[in-house]
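Dear colleague,

I am passing on the structure below, and I would be glad if you could look it over alongside the notes that follow.

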Amino acid sequence: MAARLLLPLLLILASPLMAFDHQRWDALLDNHVQWQRGGVTTSVDYPGLRKDRAALDEYLGALSQVSNDDFESWPRDEKLAFLINAYNAFTVDLILRQDTLPDSIRDIGSFFSGPWDQRFFTLLGEARTLDDVEHKMIRGNPALMDPRIHFAVNCASVGCPALRPEAYRAKELEQQLADSTRRFLTDRQRNRFNEKPPHLAVSKIFDWYEDDFIDAAGSLSHYFLQYADTLEIPANHRKSLDAERLKIQFLDYDWSLNSETNGS
């Protein structure tokens, strides 16, 4: 009888960690990130996060304790949610590491080593940069890559898609990515159809990562066609978009810090 009771316990202890607890990060985001402009962007209360530094450090420490073996045992959506949250949380950490809040994340570092090249944290057993997480661990992994990650990872800038006031979670990941995409494409300051002359004026993100959107839809025009309703492209111009004849203009990017002061 004892052996029969012991076996299930041993199996549980031997089984890989199947989920990561993002509750601390979720609470921090809920307390310090607010939707703005009708829910198309957010502002971040960095002074408030600085006061909650201990809770943030606990979450960052928990992220860093995950081994590569545990990570590899997780389902796909668990991995992707973990990496998106890690990118966003360590970006906030980088901002708070500065003695005073920068006007822009690009003010951090030097000409030779910018903010995304700083090797200031450990993830899956190695010292990492933010570029490592975004470009190698997510974009560089075909099993995880989804162009909608560009509307989920947040670079602490007004021009960037919103930092959601909640953690990404595996069970809700599909809905969260879809919602983040819709909110960003609904923002007429960053993505809009202009009638005279007819053209799409869109975020510079679509220029920088054009290949990712082409891989997903065949062309940038066809990617936008999937979201024609969200972008409010008039019906009489959708054929032109489908034929890749509608001009696409890339707007200037606002690198100002996505703080409450700057009113994202």
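In what follows, two residues are said to meet, or to be in contact, when heavy atoms of theirs lie within 4.5 Å. Please keep in mind throughout that this is a predicted model.

With that meaning of contact, the pairing of helix α4 (residues 53-65) with α6 can be described residue by residue: R53, L56, Y59, L60, L63 and S64 in α4 meet F82, N85, A86, A89, F90, V92, D93 and L96 in α6. Sorted by class, this contact holds 10 nonpolar, 2 polar and 2 charged residues. The axes of the two helices, α4 and α6, come within 11 Å and cross at roughly 135°, and because that angle falls neither under 35 degrees nor over 145, nor between 65 and 115, α4 is oblique to α6. The crossing of α4 and α6 is left-handed.

Helix α6 also packs against α7, here at an angle of about 165° and with the axes 9 Å apart, which makes α6 roughly antiparallel to α7, and this crossing, too, is left-handed. On the α6 side the residues are L80, L83, I84, Y87, F90, T91 and L94, and they meet L130, V133, E134, M137 and I138 in α7. The class count for the contact of α6 with α7 is 10 nonpolar, 1 polar and 1 charged.

Turning to the interior, the largest nonpolar core has 74 residues, and the members that touch the most others are L63, F82, I84, L123 and F206. Helix α6, which spans residues 76-96, gives the most to this core, with 13 residues. For I84, once neighbours within four places in sequence are left aside, the contacts are I138, I149, A152, V153, Y168, L173 and L177.

Two further positions seem worth a look. D93, which lies in helix α6, has a relative accessibility of 2% and therefore counts as buried; apart from neighbours within four places in sequence, D93 is in contact with R53, L56, L60 and F120. A167, placed in the loop between α7 (130-138) and α8 (173-186), also counts as buried, because its relative accessibility is 1%. Not counting residues up to four places away in sequence, A167 touches H22, W25, D26, L29, N85 and Q176, while the C-alpha atoms of A167 and L63, 104 residues apart along the chain, are separated by 13 Å.

With best regards

Key: Residues are numbered from 1 along each chain as its sequence is written. This is a predicted model: local features need pLDDT of at least 70, side-chain atom pairs count only at pLDDT 80 or more; totals for chains, interfaces and linings use all residues. Side-chain values use heavy atoms; hydrogens and water are left out. A nonpolar core is a set of buried Ala, Val, Leu, Ile, Met, Phe, Trp, Tyr and Cys residues joined through side-chain atoms within 4.5 Å. Buried means under 20% relative accessible area, exposed over 50%, partly exposed in between (1.4 Å probe, protein chains only). Helices (H or I, at least four residues) and strands (E, at least two) are DSSP runs, numbered from the N terminus. Axes are lines fitted to C-alpha atoms, for helices over the stretch in contact, and angles run from 0 to 180 degrees between N-to-C directions. A crossing is left-handed if the near helix is turned anticlockwise from the far one by less than a right angle, and right-handed if clockwise. Ala, Val, Leu, Ile, Met, Phe, Trp, Tyr, Cys and Pro count as nonpolar, Asp, Glu, Lys and Arg as charged, and the others, Gly among them, as polar.
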